Amino acid sequence: MSTTTIIGSQWGDEGKGKIADLLSEDADWVVRFNGGPNAGHTVVDEEGEFKFHHLPSASLHEGCKVLLGPGMVINPVGLVEELDQLQAKRGLKPEIFIGSRAHVITPYHPVLEVLEKSKEEVGTTGRGIGPTYQDKAARSGFRFMDLVKEDFEDRFRERLDRLKGIWGDPESLTDLDTSEFLDAVARLRELLSGDRLVNSSTLINAAIDGEEKVIFEGAQGSLLDIDMGTYPFVTSSNPTIGGIGTGAGVSPTRVERRIGVVKAYTTRVGKGPMPTENNEELGEWLREKGGEYGATTGRPRRCGPLDLVGLKFTTKLNDFTEIALTKLDVLSGLDEIKVANGYRLDGDKITEFPPSSEDLARCEPTYMTLGGWEEEVTDAKNLEDLPTAARDYVNFVEAELDVPVSIVSVGKKRSETIVR
Ligand code: GDP
Ligand code: IMO
Ligand code: MG
C-alpha cells in the first residue's frame, strides 16, 4: 500500500519519529501536516541521534522528498538552523518543499505566548505555536506565499507596530531583535525560488495517483488535539487524522495505512489532567528507565501506566488500521504491570473519555494487573523471542484496542524493532 500515516495516540512523544524513519526508507514523499517546532522527533541510526522539529524524520533518507504542509506553522530561523545542522552533522541536504499556505512564526509570536501567559498556564513549549495559529484564525497571519513577496518586511513591521500598540509597548516587543529573522527569511526565499513553494493538495494527490509512496508524519498526539483533546491543555492544531485533510490538502480517505503509535505506558509533558499519572516510585522509575525528558524543551515528562480509556477513544477517532507499540523494553524489570481499564467519576464507573478537562481531572482510574517480566528484550527480532509475559502484553493491547499490533519497538535504534 502506498499511503501511510503515523499518528500519536496519547499526549505526544510516543516514538513517532522512530517509526516514521523506519517506514520511510523507500518512501517518495514524507509530509508533515500539523504543528511546527513544538515537535521533537528523535531518530537513532548507526551514526547516532538526530532530533527533528520542523523537518519530517524521513529527512535522513536520501532520495525521499519532504514537504512541510500548509497546516504547519514554521519558524524561518528554526528551519534554517535545522537544515544547517543536518548538513553539518550528516552531510545531507533534503529535497524540501513548503506548502505556500503554511503560516510563518515570527519573532513576536513566542513573545505573545509569554504575554498571554499560556506558557505558564498551559505549559506550552514556548515556540509561538498558539499565537501563530491564533493569527491564522484571526486572519492576520503571514503565509509562506507572503514571505516571498517584496513587501513582506514592510507588512511585518506594520503588524509589529500594531501589536506594540495593542499591548501598551512592552519592552519584550519594543526591544525585539528582528535581524536574525529577516536574514533567515532571505535565505528561505533563495531556497524556495523555483518550484519549492507548492500547492500541497495538487502535488500530493498527483503523487498518490501516480502510486508513489507517501507518508504523513503526525506531530503531537491525539489527546493534544485542539478540538478532541483535553482543552484548554492542548496544542493549537489537529494532530488527528482530520488534520491531514486540512493540513496537507489530501482527504484522509486516501490514507490506507493509519498507524497509531502507542507508548507501552503513558507520558505527558506540560499541564493538564492525566488520570494515570504516578507521582510515586513507578512514575520516577519509568521516567529514568525510559529517558522521559522532552526532546524540544528538556522538561521531565509525567509518567504512569497505560490508559486504555484514552486509547480506545483515540483509536476510534483516527480509525487506526495498525498499532505500533513502542518502548516495550522499558517495562522489563517490573514484577507486575498495571493498566487502567476504566475511570470512576464522582463514584460512577465510566469507560468513555470525558470531553471536559475538569471532569477528567476528577477521574480515578480503575486498574487491572498483568504479569511483568525480568528479561531485557532489546535484542528480540521476532515476537517469539519475547518472554511470555511481554508477548501477552502485546496481545492484550491488540485485543483491547481491536487493532493489529504490526510493529513492536524494543529499543531506540532503527534495528531494535519487531515488524510482524
Ligand atoms: P516522538 O515525538 O513521538 O517522535 O517521540 P520523541 O522522540 O519525543 O520521544 C521518544 C523517545 O523514546 C526518544 O528518545 C526515542 O529515541 C525513544 N524511543 C523510541 N522508541 C523507543 C523504544 O522502543 N525503546 C526505547 N527505550 N526508547 C525508544
Ligand atoms: P511531539 O511531536 C509532547 C504539549 C506542550 C503543552 C501543549 C501545548 O514531539 O510528540 P504548544 O507549544 O504546542 O502550544 O504546547 O502541548 N506539546 C507536546 N507534548 N510532544 C509534543 O510533540 C508536543 N507538542 C506540544 O507540552 O502541554
Ligand atoms: Mg517528541
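User: What makes a residue in the shell around ligand 1 nonpolar, polar or charged, and how many fall in each class?

Analyst: This is a predicted model, and the class goes by residue type: Asp, Glu, Lys and Arg are charged, while Gly sits with the polar ones. Sorted that way, the shell around ligand 1 has 8 charged, 7 polar and 3 nonpolar residues.

User: Which residues come nearest to ligand 1, and what puts a residue in that group around it?

Analyst: A residue is in if one of its heavy atoms lies within 4 Å of the ligand. That gives 18 residues around ligand 1, with K16, G17, T42, D329 and S409 coming nearest.

User: What makes the T42 pair with ligand 1 a polar contact?

Analyst: The cut-off is 3.5 Å between N or O atoms. A polar side-chain atom of T42 lies 2.6 Å from an oxygen atom of ligand 1, so the pair qualifies as a polar contact. G17 gets there through its backbone, with a polar atom 2.8 Å from a ligand 1 oxygen. D13 uses an N or O atom of its side chain, 3.0 Å from an oxygen of ligand 1. As for cover, ligand 1 taken alone exposes 580 Å², and the protein buries 95% of that.

User: What is unusual about phi of D13, and where does D13 lie?

Analyst: Phi of D13 is near 60°, a positive value in a residue other than glycine. D13 is in the loop between strand 1 (3-8) and helix 1.

User: Which element gives the most to the shell around ligand 1?

Analyst: Helix 1 does, with 3 residues. Helix 1 (16-23) and strand 3 (41-45) each bring at least two.

User: Why is ligand 1 said to lie between two domains?

Analyst: Because domain 1 (3-99 + 197-259) and domain 3 (262-419) both give residues to its shell.

User: And ligand 2: which residues are closest, and what is the make-up of its shell?

Analyst: Ligand 2 is surrounded by 21 residues, and K16, H41, T125, Q220 and T235 are the closest. By class, its shell holds 10 polar, 8 nonpolar and 3 charged residues.

User: How do you know that G123 makes a polar contact with ligand 2?

Analyst: A polar backbone atom of G123 is 3.4 Å from an oxygen of ligand 2. The limit is 3.5 Å, so the pair counts. G40 also uses a backbone N or O atom, 2.9 Å from a ligand 2 oxygen, and T125 brings a side-chain N or O atom to 2.5 Å from one. Ligand 2 taken alone exposes 550 Å², of which the protein buries 98%.

User: Where do the two ligands rank by pocket?

Analyst: The space taken by ligand 2 is the largest pocket, and that of ligand 1 is the second largest.

User: Is the peptide bond from Y231 to P232 cis or trans, and where is P232 found?

Analyst: That bond is cis, with omega near 5°. P232 is in the loop between strand 10 (214-217) and helix 11 (242-248).

Note on methods. Residues are numbered from 1 along each chain as its sequence is written. Chains are lettered from A and ligands numbered from 1 in the order in which they are written. This is a predicted model: local features need pLDDT of at least 70, side-chain atom pairs count only at pLDDT 80 or more; totals for chains, interfaces and linings use all residues. Side-chain values use heavy atoms; hydrogens and water are left out. A polar contact is a pair of N or O atoms within 3.5 Å; within protein, one must be able to donate a hydrogen and the other to accept it, and residues adjacent in sequence count only if both atoms are side-chain atoms. Accessible areas come from the Shrake-Rupley method with a 1.4 Å probe; for residues, only the protein chains shown count as cover. On a 1 Å grid over the protein atoms alone, a cavity is a set of points where a 1.4 Å probe fits but cannot get out, and a pocket is an open set with protein on both sides within 12 Å along at least five of seven lines; lining residues have an atom within 4 Å of a point. A molecule sits in a cavity or pocket if more than half of its atoms lie within 2 Å of its grid points. Helices (H or I, at least four residues) and strands (E, at least two) are DSSP runs, numbered from the N terminus. Domain bounds come from an automatic or database domain assignment.
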